Amino acid sequence: MGDRDERKAAWDLSQLLDEWLTSGGGAKVAAPEESQALLKTAQRLAQLPALLPPPRPAIVQRVLSTRRPASYYSPRRNGWLRWRPAFAAGFAVIVCLVVALILPPSRAVLAEWMARISLGRLAVVVTPEQQPALPVQAVEQRLADMDEARAVMPFSPLVVTRVPAGYALRSLTAVTFQGMPEWVPQPFYLEANYGPEGEDVRDYYLTVRQFAVSFGPNREVNRLGFHPQEVVRLEEVKVGEEPAVLVELGMTRSPLRELIWQHEGLAIEFTSRVLSADELVSIAESMR
Amino acid sequence: MGDDFGELYSAYLPRVLNFMRVRVGDTGLAEDLTATVFERAFAHQRALRTEEAFAGWLFRIARNTLAEHFRRRGRRGDALPLDDALEFPTDTPEPEELVHRREELERLVGALRTLSQREQDIVTLRFVAGLTNRAVAQAMHLSEGNVAVILYRALRRLRGQLGERDG
């Protein structure tokens with residue numbers, strides 16, 4: 001018998017069975033010979049419940065007495081109300097994410113929370129928020145040597161005592177920001193450029209900037225911010241025993257490596273597109 | 001829906017018990033399994049939406065409970081032999097009638113045991129528990145068409161078995 005024939009025969013038999021069972025099992029059902037034989041077998045099987053003794057009263061009592069009022073079992077909730085707490089939690093998470101990702105202050109807070117490294121009084125922050133520009137004008141003063149720098153700068157600058165082979169101090173500049181609050185000591189920073197003879201030192205062979213970490217009545221100068229699109233690497237390192245941050249910036253033709261370190265109240269920033277991270281750390285450790 | 005199913009539970013108790021009796025053979029064990037089925041049904045009644053689905057839902061629990069029992073025993077196919085507890089109260093039929101019934105019961109259950117577990121489940125649900133094909137399909141997670149075909153094949157095999165024994 002093919003599958004299709006078998007399915008049809010099975011379905012016809014089921015119809016006959018239903019007809020016979022709904023009639024209380026007494027009706028004669030017209031059917032082909034094969035189905036009649038199976039119907040007879042089915043009729044014998046349908047007698048099984050009558051051949052079994054009725055349930056003992058004890059089991060009926062035992063089973064039905066275990067039923068408690070509906071309130072005994074966990075309270076029933078209709079449809080989506082059952083998931084109301086989950087919906088509410090999901091909605092709250094979405095709202096928080098929207099607030100965090102769309103509103104500028106939240107974005108800044110989130111970004112700072114995600115990428116803020118504290119070096120004590122100085123913080124290095126990677127944030128998409130633009131730093132507020134101060135209405136200042138930079139005035140550069142070329143200095144002859146470190147002795148003059150000590151005389152000009154409002155803090156005692158440190159000196160690099162070990163530079164890579166072939167490197168020499170090529171320029172020394174004190175930069176004053178005019179228009180900054182009075183509590184910010186001026187000149188604001190000292191920039192020393194080192195490099196090989198004959199090369200343009202503005203090509204960042206090695207630039208060392210030093211400025212004072214300073215605090216005023218309502219504001220402070222104690223933080224270096226980077227835009228996340230510029231930063232390709234951010235790593236916490238050690239200069240001696242002190243914490244420092246290594247930042248690699250990818251916006252130039254070759255990565256610009258910066259080592260930021262805080263030492264004796266000064267923030268010191270080493271920048272080079274030539275020297276490795278280890279060399280920058282070694283130079284920082286040579287500062288006296 | 002709460003206590004709306006109270007009468008249904010009472011009406012279906014003998015059917016579940018008979019299903020278990022035929023499938024496991026031992027009355028004490030069948031009673032324990034039946035009690036477990038009803039405890040689970042009471043506890044999960046809120047999953048039941050309509051009265052029409054009651055039979056399929058209750059016997060799905062019964063079948064799962066039975067399968068769990070067989071798994072735990074590590075003997076999927078074997079059921080215990082029908083025990084003396086299947087005897088009727090002495091005040092009902094005549095002794096000859098009682099013997100005849102018991103022989104018929106043993107013949108039918110013996111033939112059933114030659115079927116696969118799934119076939120036994122379907123035949124027992126249909127003829128012992130008295131479910132429709134639709135309710136059997138719900139209890140077994142099968143389509144009605146599949147139930148009809150499996151039932152058809154099982155009946156053919158049972159006819160052979162019972163024919164041999166009767167012959």
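Of the 167 residues in chain B, 42% are buried. This is a predicted model, and in it chain B has seven helices and zero strands, so that the elements from the N terminus on read α-α-α-α-α-α-α. Among contacts in chain B between residues at least 6 apart in sequence, 68% join residues at least 24 apart.

Chain B also meets chain A. The contact draws 41 residues from chain B and 32 residues from chain A. On the side of chain B that touches chain A, two or more residues each come from α1 (6-24), α2 (27-43), α4 (95-112), α5 (117-128) and α7 (144-166) of chain B. The element that gives the most to this side is α7(B), with 10 residues. Sorted by class, the side of chain B that touches chain A holds 24 nonpolar, seven polar and 10 charged residues.

In chain A, attention turns to an open sheet. Eight strands build this sheet in the order β3-β4-β5-β6-β13-β12-β11-β10 (chain A), with antiparallel pairing. Its edge strands are β3 (137-142) and β10 of chain A, each of which pairs on one side only. From one strand to the next, the twist averages 20 degrees.

At one edge, β3(A) pairs with strand β4 (residues 167-178) of chain A in the antiparallel sense over six bridges. Within this pair, Gln141(A) has Ala174(A) in β4(A) as its bridge partner. Helix α8 (residues 277-285) of chain A packs on the sheet, where it touches β10, β11, β12 and β13 (266-272) of chain A. The direction of α8(A) makes about 30 degrees with that of β12(A).

At the other edge, strand β10 (residues 231-239) of chain A and strand β11 (residues 242-249) of chain A are joined in the antiparallel sense by eight bridges. Glu236(A) stands opposite Val245(A) in β11(A). The two strands form a hairpin with two residues between them, and there Gly240(A) takes a positive phi near 65 degrees. β11(A) pairs in turn with strand β12 (residues 256-263) of chain A, again in the antiparallel sense, over six bridges. In that pair Val247(A) has Glu258(A) in β12(A) as its bridge partner.

A helix of chain A completes the account. Helix α5 (residues 84-102) of chain A has 19 residues, which at 1.5 Å a residue should span 27 Å; the end C-alpha atoms lie 26 Å apart, and the two values therefore agree. α5(A) is hardly covered, for the count of buried residues among its 19 residues is zero.

Definitions and conventions
Residues are numbered from 1 along each chain as its sequence is written. Chains are lettered from A and ligands numbered from 1 in the order in which they are written. This is a predicted model: local features need pLDDT of at least 70, side-chain atom pairs count only at pLDDT 80 or more; totals for chains, interfaces and linings use all residues. Helices (H or I, at least four residues) and strands (E, at least two) are DSSP runs, numbered from the N terminus. A residue is buried if 20 or more other C-beta atoms lie within 10 Å of its own, exposed if 12 or fewer, and partly exposed in between; C-beta atoms are placed from the backbone. Two residues are in contact if their C-beta atoms, placed from the backbone, lie within 7 Å. The expected span of a helix is 1.5 Å times one less than its number of residues. Two strands pair if DSSP finds at least two bridges between them. Ala, Val, Leu, Ile, Met, Phe, Trp, Tyr, Cys and Pro count as nonpolar, Asp, Glu, Lys and Arg as charged, and the others, Gly among them, as polar. Axes are lines fitted to C-alpha atoms, for helices over the stretch in contact, and angles run from 0 to 180 degrees between N-to-C directions.
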